[in-house]
Amino acid sequence: MIRETKPTRSAFVILLMTGGLLTGCQQVTAPQESLRIVAGSENKSLEPLVQRFARENQVTIQLEYKGSVEIMRQLESGGGDADAVWPAQSLWTSLGDTQRRVKDAQSIYWSPVGLAVKESVAQRLGWNDKKTVSTEEIRKAAQAGRLRFLMTSATQSNSGAAAYLAFLSAFAGKPQVLSETDLQKPTVQKNVASLLGGVNRSSGSSGWLTELFVSRYDDYDAMFNYEVMATEASAKLAAQGRERLTVIYPSDGVAIADAPLGYVEHGQPASKRQAFDKLQRWLLSPQIQQELAATGRRTGPIGDAFPSQLRLPRAEVVRQALDLYQTTLRKPSLTVYCLDVSGSMRGERLEQLKSAMRGLLNQDLARRSLLQASPRDITVVIPFSGAPQALWEVRGNAPDALASLNAKIQALEATGGTDIYSPTIQALRWIHQQPGYEDYFPAVILLTDGESNTGASLSEVQQQKLDIPVFAIRFGEASPGQLDALTGATSGKTFEGRGNLSAAFREAKGYNG
């Protein structure tokens, strides 16, 4: 069902030279057609499979990975230059394809969303029969501090949205299909907010969430994620000699991702459509379906296996549910933006930064990406060059207060050197000083276009020893080595901002609740 991650571009292109390129006495055939496919990150592990089709059929295929919301946004604008979309869930096609450009979408596989939990934890909680555990039991375990779990953002990632819609349905009493009336029930909102308040870390990507769980295995007990992600995580854990995961499927509602692959029609030549049809038929062939099943994905009818399968609500109800999540029910976020305004940011770069921040702080614009602030959020901005210049703070989501903060950002000027570590340290310390900051999703989002050449050092950041992630956005000539070391030391992530800075900011914010 629902960013995964900042748009990460992975192209596997069969480079077969035309005409006179010979290997021995054989002439290599040039690709006959090309396809650009925008896909969810959960399909990334299927690259070798699609590459095999490309090689065998003389087709050049480029996959661009985006989160569910970014796929939705691209479809809203007509699909861009994509020839096909392959999101995790048909939900995003129905929400975004208002121009009806997506044709003949078919589900390639299915993956239920459940609670992947360490076997010892499931045993301790008495969840030996994994098909009889209710959503309320999971909520109570989390609230009692007996379950430390991860979950992606419901407004940025399909696995998070799937789990969230199942929560709503369960606490609404399992209606045939969720309605607007169900969303407004006080008991439904109270119980869902209580469960979401127990989430220990969030993310905008199901794949990245899995990597975080495996890398910090001792810190967490479980994660809401796709069954196939649990399978992949279990394999990695077993290779490390660690305990495997078991998947709990809540007895009162299971959401299932259907991975639809559809053609995006915008006047391409017929040969491109023929190449797409051939790929789709190949993926649905018995042999390839068997190979998909071997990866932990489900193929064929699965309704009997999940009698409590969630029926997707109407698109308008889903949109209302996601707005409710973002503005009311989710765990609040405490975000400190450290913004580079050194001399190298002068001109177009600074204007791009201001535009990106405007898109987050202007709530009408933020709503387009489902990134609105909530009344409990805290937003802080630290502009910096050779040293931190100021600290501006807004508590809540009052439009006037956020507009005032945006006005300060729009007035920034670029000058001076670059020190990325001092503002990061200031941000980490400021967050740690806030009473009850553990009740938030705390994070630092750092934007820089250059290499840190003055001031503090990475070791000084590491000395803070605070469990607060730093998400860095690489821009201009920023050092990937410096940023990766910084984000790696704080269990964060580096995002690429040189292609589309606003999209990078949206993605980074999506990892913060």
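# Notebook: helices, strands and two voids in a predicted model

**Entry 1, helix H10.** I started with glutamate 232, which lies in helix H10, residues 227–239. The model is a predicted one, and I kept that in mind throughout. Is glutamate 232 buried or exposed, or does it fall in between? Its relative accessibility is 23%, so glutamate 232 counts as partly exposed; the cut-off for buried is under 20%. I then listed its contacts, leaving aside neighbours within four places in sequence, and found Ser45 and Arg297. I also looked up the separation from tryptophan 92, which is 140 residues away along the chain. The C-alpha atoms of glutamate 232 and tryptophan 92 are 24 Å apart.

Next I checked the length of H10. With 13 residues at 1.5 Å a residue, H10 should span 18 Å, and its end C-alpha atoms are 19 Å apart, so the two values agree. Which residues of H10 are buried? I noted Glu227, Val228, Met229, Ala230, Ala233, Ser234 and Leu237. The buried residues of H10 pack against two strands that I looked up by number, S8 (111–118) and S11 (222–226), as well as against helix H9 (206–215) and strand S12 (245–248). Just after H10, I found glycine 241 with a positive phi of about 75 degrees.

**Entry 2, helix H6.** I ran the length check on H6, residues 158–171, as well. Its 14 residues should span 20 Å at 1.5 Å a residue, and the end C-alpha atoms are 20 Å apart, so H6 agrees with the expected value. How many of the residues of H6 are buried? The count is 14 of 14, so I wrote H6 down as mostly covered, given that buried means under 20% relative accessible area. Just after H6, glycine 173 takes a positive phi of about 90 degrees.

**Entry 3, strands S15, S16 and S17.** I followed the pairing from S15 onward. Strand S15 (residues 333–340) is joined to S16 by seven bridges, and the two run parallel. S16 (residues 378–384) is in turn joined to S17 by four bridges, and this pair runs antiparallel. Valine 381 of S16 turned up on both sides of my search: it is the bridge partner of tyrosine 337, and it stands opposite tryptophan 392 in S17.

I then looked at burial. In S16, seven of seven residues are buried. Both faces of S16 are covered, with Ile378, Val380, Ile382 and Phe384 on one side and Thr379, Val381 and Pro383 on the other. What do the side chains do along S17, residues 392–395? They alternate: Trp392 and Val394 point to one face and are buried, while Glu393 and Arg395 point to the other and are not. Such alternation between the two faces of the sheet is what a regular strand shows.

**Entry 4, threonine 335.** I picked threonine 335, found in strand S15. At 1% relative accessibility, threonine 335 counts as buried. Which side chain makes a polar contact with that of threonine 335? The partner is asparagine 512, at 2.2 Å. Not counting residues up to four places away in sequence, threonine 335 touches Ile378, Thr379 and Val380, and also Ala443, Ile445, Lys509 and Asn512.

**Entry 5, the largest cavity.** I noted a volume of about 130 Å³ for the largest cavity. Its lining has 16 residues, and those nearest the centre are Leu360, Leu371, Ala373, Thr379 and Lys509. S15, helix H14 (348–361) and S16 each supply at least two residues of this lining. Which element has the largest share of the lining of the largest cavity? It is S15, with three residues.

**Entry 6, the largest pocket.** The largest pocket holds about 520 Å³ of space. Of its 26 lining residues, I recorded Val199, Asn200, Lys331, Glu438 and Tyr440 as the closest to the centre. The elements giving two or more residues to the lining are helix H8 (186–196), strand S10 (199–201), helix H13 (315–329) and strand S18 (441–448). S10 gives the most, with three residues.

Conventions
Residues are numbered from 1 along each chain as its sequence is written. This is a predicted model: local features need pLDDT of at least 70, side-chain atom pairs count only at pLDDT 80 or more; totals for chains, interfaces and linings use all residues. Side-chain values use heavy atoms; hydrogens and water are left out. Buried means under 20% relative accessible area, exposed over 50%, partly exposed in between (1.4 Å probe, protein chains only). Two strands pair if DSSP finds at least two bridges between them. The expected span of a helix is 1.5 Å times one less than its number of residues. A polar contact is a pair of N or O atoms within 3.5 Å; within protein, one must be able to donate a hydrogen and the other to accept it, and residues adjacent in sequence count only if both atoms are side-chain atoms. Contact means heavy atoms within 4.5 Å. On a 1 Å grid over the protein atoms alone, a cavity is a set of points where a 1.4 Å probe fits but cannot get out, and a pocket is an open set with protein on both sides within 12 Å along at least five of seven lines; lining residues have an atom within 4 Å of a point. Grid points are joined across faces, edges and corners, and a volume is the space filled by probe spheres set on the points.
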